[in-house]
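Reader: I am new to this structure and should be grateful for a close look at one part of it. Would you please take the salt bridges as the subject, and then set them in their surroundings?

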Amino acid sequence: MKVTVVGAGAVGASCAEYIAIKDFADEIVLVDIKEGFAEGKAMDLMQTASLNGFDSTITGTTGDYSKTANSDVAVITSGIPRKPGMTREELIGINAGIVKTVSENLIKYSPNVILIVVSNPMDTMTYLAAKATGLPKNRVIGMGGALDSARFKYRLAEAIDCPQSDISAMVIGGHSDVGMVPLIEKATRNSVPVAEFLTEEKAAEVVEATKVGGATLTKLLGTSAWYAPGAAVSELVRAIALDSKKMFPCSAYLEGEYGLNDICIGVPVLIGKNGIEKIVEIELSEAEKAKLNTSAEGVSKTNGLLNVEA
């Protein structure tokens, strides 16, 4: 498997590192516009190979997309990161142009590539990548829900005081502070509903902490997080590489599923060698449906700022 990661900053480098450490890809290519930056990150990562026990080859290039030719998967992290107080939606003006250009360059050299979009606002950038490239919907994946669900599990385990491996939980909806829909009613600890362990008040606190998970880190770090986003991407890429049909909530292009049309938004999907193998429609409560519909309205409003053909 050949994987390209566009953007060699903190998020992109973490993606490459986790993919390499999990040792399922033959080749990883880092691309950046800053002269020598991707090459330096690639060399630094390659010097960890004997220490971390992986055989993947990592190379870097300054904007030469011919080096990405025949990639199976490409991860788009490029664009400006969030600053404290900035919403993901405020990035749209700058990042839309970057994501469109990057997507087109990737398709030029890898016509069969599966795209994983990380750049914010993630659902709208996923929608843009789908529209700009004309790729089948199974080959354009937005990463956000996988990350948000990991943050949800972290907060639940913290509140219950149990190992994260005990927790099964999912976040659907838009990848934004107001758009996320943590499915608290469906969350379990080893198949036991978390309501058995949490008061309603504490459960509500967990939901709110999950929704502002990225903003909390941005405030602390002064920029976007990178470890958890990189790990989330690596799991999606591994599911493609191993054709595992593993379920993740991801931003997917919907055509009637969940009653939504012409939108990319977080829903449960099965990930395998073809990208999104299936969109899984789970039964939602009336409250969950209402929150998902409200989230979709917000994403559609942001999509309206794009200059793309619907």
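Author: The account below begins with the salt bridges and then turns to the neighbouring topics of helix packing, strand pairing and backbone geometry. The model is a predicted one.

Side chains of opposite charge can pair when their charged atoms come close. A search of the whole structure finds 16 salt bridges. One of them joins the side chains of K22 and E235, with a distance of 2.8 Å from N to O. K22 belongs to helix α1, which covers residues 10–22, whereas E235 belongs to helix α9; the pair therefore ties together parts that stand 213 residues apart in sequence. The two partners may also be described by their accessibility. K22 has a relative accessibility of 26% and so counts as partly exposed. E235, with a relative accessible area of 17%, is buried, because buried means under 20%. This pair also has a wider setting, since K22, E235, R238 and K246 are linked in a network of salt bridges.

Helix α7 offers two further examples. In the one, the side chains of E205 and K202 meet in a salt bridge of 3.4 Å, N to O. E205 and K202 are three residues apart in helix α7, which spans residues 200–211, and are therefore separated by about one helical turn. E205 has a relative accessible area of 40% and is partly exposed. K202 is likewise partly exposed, with a relative accessible area of 34%. In the other example, K211 and E208 meet through their side chains at 3.8 Å, N to O. These residues too lie in α7, three residues apart, or about one turn of the helix. Here K211 counts as buried, at 15% relative accessibility, while E208 is partly exposed, with a relative accessible area of 44%.

A further residue of helix α7 is T210. T210 is buried, with a relative accessible area of 1%. Leaving aside residues up to four places away in sequence, T210 touches D148, R151, F152, R155, V171, M180 and P182.

Helix packing can be followed in another pair of elements. Helix α5 packs with helix α10, which comprises residues 286–303, at an angle of about 55°, and their axes are 9 Å apart. That angle makes α5 oblique to α10. The crossing of these two helices, α5 and α10, is right-handed. The contacts between them bring D123, T124 and Y127 of α5 together with V299, T302 and N303 of α10.

The loop that comes before α5 holds a feature of the backbone. P121 is placed in the loop between β5 (114–117) and α5 (122–133). The peptide bond leading from N120 to P121 is cis, with omega near -5°. As a general matter, most residues other than glycine have a negative phi, and most peptide bonds are trans.

Two residues elsewhere have a positive phi. N70, a residue other than glycine, has phi near 65°. N70 is found in the loop between β3 (57–62) and β4 (73–76), and with 61% relative accessibility N70 counts as exposed. For K245, also a residue other than glycine, phi is near 55°. K245 is located in the loop between α9 (227–241) and β12 (246–255). At 38% relative accessibility, K245 counts as partly exposed. The elements on either side of that loop recall the salt-bridge network, which includes E235 and K246 among its members.

Strand pairing completes the account. Three strands form an open sheet in the order β7-β10-β11, and the pairing is antiparallel. At the edges stand β7 (167–168) and β11 (192–193); each has a single partner strand, so one side of each is left without a neighbour in the sheet. Strand β10, residues 188–189, is joined to β11 by two bridges, and these strands run antiparallel. Within this pairing, T188 stands opposite P193 of β11.

To return to the subject of the request, the salt bridge between K22 and E235 ties together helices α1 and α9, whereas K211 and E208 both lie in helix α7.

How values were computed. Residues are numbered from 1 along each chain as its sequence is written. This is a predicted model: local features need pLDDT of at least 70, side-chain atom pairs count only at pLDDT 80 or more; totals for chains, interfaces and linings use all residues. Side-chain values use heavy atoms; hydrogens and water are left out. Helices (H or I, at least four residues) and strands (E, at least two) are DSSP runs, numbered from the N terminus. Buried means under 20% relative accessible area, exposed over 50%, partly exposed in between (1.4 Å probe, protein chains only). Two strands pair if DSSP finds at least two bridges between them. A salt bridge is a side-chain nitrogen of Lys or Arg within 4 Å of a carboxyl oxygen of Asp or Glu. Axes are lines fitted to C-alpha atoms, for helices over the stretch in contact, and angles run from 0 to 180 degrees between N-to-C directions. Angles under 35 degrees count as roughly parallel, over 145 as roughly antiparallel, 65 to 115 as roughly perpendicular and the rest as oblique. A crossing is left-handed if the near helix is turned anticlockwise from the far one by less than a right angle, and right-handed if clockwise. Contact means heavy atoms within 4.5 Å.
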